[in-house]
Amino acid sequence: MILDKNVSIERQKNSFYKVKLSGFDSKVVRINWLDNNESLTFTQNGEDVFVQLTPFKYGFDLAVRVARIELE
């Protein structure tokens, strides 16, 4: 199966996923999942934000999860 990098996340050994989001002109204060309010670890380097996503606790699923990003 071939995955389109624009709509899929590759599974890594540690079952965590790191994504890069670009274009932030403000400081990111907090990122959290909307379904369970779990905070996500992130780092910011200028306009780029690197977010460590956590998988859904009930296993790997292709369901969409939405995260809230709070800016300063």
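**View 1. Asn37, in the loop between E2 and E3.**
This first close-up of the predicted model settles on Asn37, a residue of the loop that links strands E2 and E3. Look at its backbone: Asn37 has a positive phi of about 65°, although it is not a glycine. Is Asn37 buried, exposed or partly exposed? With a relative accessible area of 45%, Asn37 is partly exposed. Asn37 is also one of the residues that Asn32 touches, and Asn32 appears in the next view.

**View 2. Asn32, a buried residue of strand E2.**
Here we move to strand E2, which covers residues 28-33 and includes Asn32. The relative accessible area of Asn32 is 0%, so this residue counts as buried. Its side chain makes a polar contact with the side chain of Arg30, at 3.4 Å. Which residues does Asn32 touch, if those up to four places away in sequence are not counted? They are Asn37, Glu38, Ser39 and Leu40, together with Val66, Ala67, Arg68 and Glu70.

**View 3. The largest nonpolar core, made up of nine residues.**
To find this core, start from Tyr17 and Phe24, then add Val28, Ile31, Trp33 and Leu40, and finish with Val49, Val51 and Leu53. Strands E2 and E4 each supply at least two residues of the core. Val49 is a good place to pause, as its contacts beyond four places in sequence include core members Phe24, Val28 and Ile31. Val49 also touches Val19, Lys20 and Leu21, as well as Phe42, Thr43 and Gln44.

**View 4. Thr41, an exposed residue in strand E3.**
Thr41 is found in strand E3. Its relative accessible area is 57%, and therefore Thr41 is exposed. Setting aside neighbours within four places in sequence, Thr41 is in contact with Phe50, Val51 and Gln52. One of these, Val51, belongs to the core in View 3. How far is Thr41 from Arg30, C-alpha to C-alpha? The two are eleven residues apart along the chain, and their C-alpha atoms are separated by 8.6 Å.

**View 5. A nonpolar surface patch that includes Leu34.**
Three residues, Leu34, Val64 and Val66, make a nonpolar surface patch of about 300 Å². Leu34 sits in the loop between E2 and strand E3, the latter spanning residues 41-45. At 44% relative accessibility, Leu34 counts as partly exposed. Val66 may look familiar, since Asn32 touches it too.

**View 6. Phe56, in the loop between strands E4 and E5.**
The loop shown here joins strand E4 (48-53) to strand E5 (67-71), and Phe56 is part of it. Phe56 is partly exposed, with a relative accessible area of 38%. Which residues does Phe56 contact, leaving aside its neighbours within four places in sequence? The contacts are Asp35 and Arg65. Phe56 and Asp35 are 21 residues apart in sequence, and 9.8 Å lies between their C-alpha atoms.

**View 7. The chain as a whole, with five strands and zero helices.**
Stepping back, the elements run β-β-β-β-β from the N terminus on. The chain has 72 residues, and buried residues make up 17% of them. Among contacts between residues at least 6 apart in sequence, 58% join residues at least 24 apart. The chain exposes about 5,900 Å², of which carbon and sulfur atoms supply 53%.

How values were computed
Residues numbered from 1 in each chain as written. Predicted model: local features only at pLDDT ≥ 70, side-chain atom pairs only at ≥ 80, totals over all residues. Heavy atoms only, no water. Helix = DSSP H or I, 4+ residues; strand = E, 2+ residues; numbered from the N terminus. Buried < 20%, exposed > 50% of the residue type's maximum accessible area, 1.4 Å probe, protein only. Contact = heavy atoms within 4.5 Å. Polar contact = N/O pair within 3.5 Å; in protein donor to acceptor, adjacent residues only side chain to side chain. Patch = residues over 30% accessible without salt bridge, like charges linked within 9 Å, V, L, I, M, F, W, Y side chains within 5 Å. Areas by Shrake-Rupley, 256 points an atom, 1.4 Å probe, with all protein chains shown as cover. Salt bridge = Lys/Arg side-chain N within 4 Å of Asp/Glu carboxyl O. Core = buried A, V, L, I, M, F, W, Y, C linked by side-chain atoms within 4.5 Å.
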